[in-house]
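Dear colleague,

I am passing on the structure we talked about, so that you can have it open while you read. Please look it over at your own pace, and then go through the notes that follow.

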Amino acid sequence: MPRTALRICPLCEATCGLVLAVDDGRVGGVRGDRDDVFSRGFICPKGASFGAADADPDRLRTPLVRKDGELREATWDEAFDAVAAGVRGVVERYGPDAVGIVLGNPNVHTMAGALYPPLLLAGLRTRSFFTASTLDQMPKHVSSGLLYGDALAIPVPDLDRTDHLLLLGANPLESNGSLCTAPDFPGKLKALKARGGTLTVVDPRRTRTAKLADRHVAVRPGTDALLLAALVCVLFDEHLVDVGELAPHVQGVGELGAALRDFSPEAVGDACDVPAGVIRELARELAAAPTSAVYGRIGSCTVPHGTLASWLVDVLNILTGNLDRAGGALFPLSATDKAPRAAGPGRGFALGRWRSRVGQHPEAKGELPLAALAEEIDTSTVEGEPIRAVIAVAANPVLSAPDGDRLDKALDALDFMVSVDPYLNETSRHAHVVLPPPPPTQAPHFDFALNALAVRNQVRYTPAPLPLEPGRMAETEILARLVLAATGMHGAEPAAVDALVVEQTLGKAVADPRSPVHGRDPGELANQLNGDGGPERRLDLMLRLGPYGDGFGARADGLSLAKLLAHPHGIDLGPLEARLPGLLKTRSGKVELLPEPIADDLPRLRRALRERAEGLVLVGRRHLRSNNSWLHNVPALTGGSNRCTLHIHPEDAARLGLVDGDPVRVKGAGGAVTAPVEITDGIRRGVVSLPHGWGHDRPGTRMAHAAQDPGVNVNQLLDGSLLDPLSGTAVLNGVPVELAPVPAARS
């Protein structure tokens, strides 16, 4: 019987509400949910192709276990027996640090990916932990940790109320937003302009977002931190600094001005290729606007000074009085956040509590650089054991991390590898066990991480539109069993994992005098939890103890899972509001404008005033119908303008004798690739661009459509040696490359 079902889209960070037309266990048409309290009917091409992505015939349906060198279908019991034997064997022989955990971006788009990997990490007690964050967003976590004492306290631009928005290295008309959860980001930018606001975009490419801007500044790639430092310098020079109501909660304003006095617009103009007069105008406009917000993303993070650039974004918002202010940049309050704490000093944020074994890279937020994974596996000539086993959850670092060829070889030499992935892709093909989660229609959805980055406070939950097919296993159960198998409890009931979390969480809550359940019986509270299984019960627990929760009866109008289920299109919790100083966890209890690690890195930024790469430099690019390496196996999302081509300016093409469509060899420190040329004046001279996520030409994968037009892996041009030292983030943009025409084949 045909019917409709609701589902929050898991294919990018916009988290749009979808209405699925379901018939005979399959999704037909998809449209935006006009009643969704957050997305209001907006849908992009990815969401419209949800049904095709969900029904991809190349999705694995059963576990695979390697036998006699080949991956073969196996039962779930056989698969987890192999996981327990493989992982525990490595731990018992070499210790827990010999097991590496690798998490990919899709984990933030599933309930299972939010609830269970932290338990896996805690249970294994390994320091060999890597995620995609060190390929895109770790600089923002580090700068937030240093400024506010909490690496997860990330302010987002108040898009609906700001008068002036400055975007750096961000292209939300293609990406739909990043570290800023905002359905219909394009509509919000157009609304900004319609109400008389100003949009400025800083980007070496004239992207779709830049075309919408009132001003496009084609900065030289990799110099974002210099440009931002110059803007700060102007604010001090021209007496435009006004932190406003933040004044009692900020320390280090004077020291900051002295530390950045060398970065005048005249000093940085040549390095950035931005005239000093333009820089001064930008700073004056920010200061003069009734409200303004500065927002930087991947293009300003994946560069040599990514953490400094991320820090300076917030510094500008602070110095203009626009942090924690309506129309500026505010901190969201998610329904599953911990209830706000009382203002006062906290534990602070520490960097470099341990270092990687080979490159001695400092940890950041408990993570080591993903770019260092290969050397941690294939290098055994230093003290300590190399990584001998890898647990990869929704991760494809062979394509997403630098020097995939080296990592390819390293993974092939592991004693054991388990991959939780719906595809046999460039990374999972190396696994000894592949555990495939079901398609999205067979899983419930709640955005734990992305709601904490949303431009409006709201809460939504969609149960699974379709039941699990016979032979499938829920992703939550897969990861719960993985936790048990990897931590020496193989064979225990997976429900025990959730029950233990509930018990521990309630035990802490009833002992906390500030908790609404202080002094109550945790067993009695556990009996009140609702939900179909452990994951829903944990969600109910987090909602009820959260900042909007019912506190198990303490607040009659508060949130619970039952209340959320009664509102299938979500519950609007209102616009973002000021949260300082309550969320600060620094040792001083204030915003620390010039923390020591930042101050110690400024001499490196000063040296960049005199540095300028010769020749061409490479930047990446995003496409609306793509998301990293996930979606290239969906025919509706490839082809047309979503192609793996090298963008180059007409003058550079003419100088090199290149014609549109010609193959060109691109060489970097990590290797070379050959891609077709696409000549466009949408990119500045001296810069070329290749998209991220392609290179589906390795043998042993099962992604038939992606393999037909595989493209090239842009990250193969990198050798992994260039990292932002504070965050360990790979430098993916602004790297030197050499181009050479490919001679025509002789007939």
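Before the findings, one term is needed: a nonpolar core is a set of buried Ala, Val, Leu, Ile, Met, Phe, Trp, Tyr and Cys residues that are joined through side-chain atoms within 4.5 Å. Please also keep in mind that this is a predicted model.

With that term in hand, the largest nonpolar core has 60 residues, and those with the most contacts inside it are Tyr148, Leu228, Leu260, Trp311 and Ile318. Several elements each supply at least two residues of this core, among them the helices α6 (138-148), α13 (276-288), α15 (306-319) and α25 (596-608), as well as the strand β9 (164-168). The largest share, ten residues, comes from α10, a helix that covers residues 224-237. If you would like to follow one residue of this core, take Leu228, which touches Leu168, Val294, Ala309, Leu312, Val313 and Leu316 when residues up to four places away in sequence are not counted. There is also a second, separate core of 53 residues, which includes Ala392, Leu690, Trp694 and Ala730.

Turning to the protein as a whole, you will find 27 helices and 26 strands, and the C-alpha trace spans about 75 × 65 × 60 Å along its principal axes. For 747 residues, a compact globule would have a radius of gyration near 27 Å, and the protein, with 25 Å, agrees with this. Of the 747 residues, 60% count as buried, while the accessible surface comes to about 27,900 Å², of which 50% belongs to carbon and sulfur atoms. Among contacts between residues at least 6 apart in sequence, 73% join residues at least 24 apart. As for charge, there are 77 positive and 89 negative side chains, and the centres of the two sets lie 1 Å apart.

One single residue may be a useful exercise, namely Ser419, which sits in strand β16 (residues 416-420). Is Ser419 buried or exposed? Its relative accessibility is 0%, and since buried means under 20%, Ser419 counts as buried. Leaving aside residues up to four places away in sequence, Ser419 touches Ala392, Ser428, Ala431, Val433, Val434 and Leu435, and Ala392 is also one of the residues in the second core. Finally, Ser419 and Leu482 are 63 residues apart along the chain, and their C-alpha atoms are separated by 10 Å.

With kind regards

Key. Residues are numbered from 1 along each chain as its sequence is written. This is a predicted model: local features need pLDDT of at least 70, side-chain atom pairs count only at pLDDT 80 or more; totals for chains, interfaces and linings use all residues. Side-chain values use heavy atoms; hydrogens and water are left out. Helices (H or I, at least four residues) and strands (E, at least two) are DSSP runs, numbered from the N terminus. The radius of gyration is taken over C-alpha atoms; the globule rule is 2.2 Å times the number of residues to the power 0.38. Buried means under 20% relative accessible area, exposed over 50%, partly exposed in between (1.4 Å probe, protein chains only). Contact means heavy atoms within 4.5 Å. Accessible areas come from the Shrake-Rupley method with a 1.4 Å probe; for residues, only the protein chains shown count as cover. Lys and Arg count as positive and Asp and Glu as negative; His and the chain ends are not counted. The place of a charge is taken as NZ of Lys, CZ of Arg, CG of Asp or CD of Glu.
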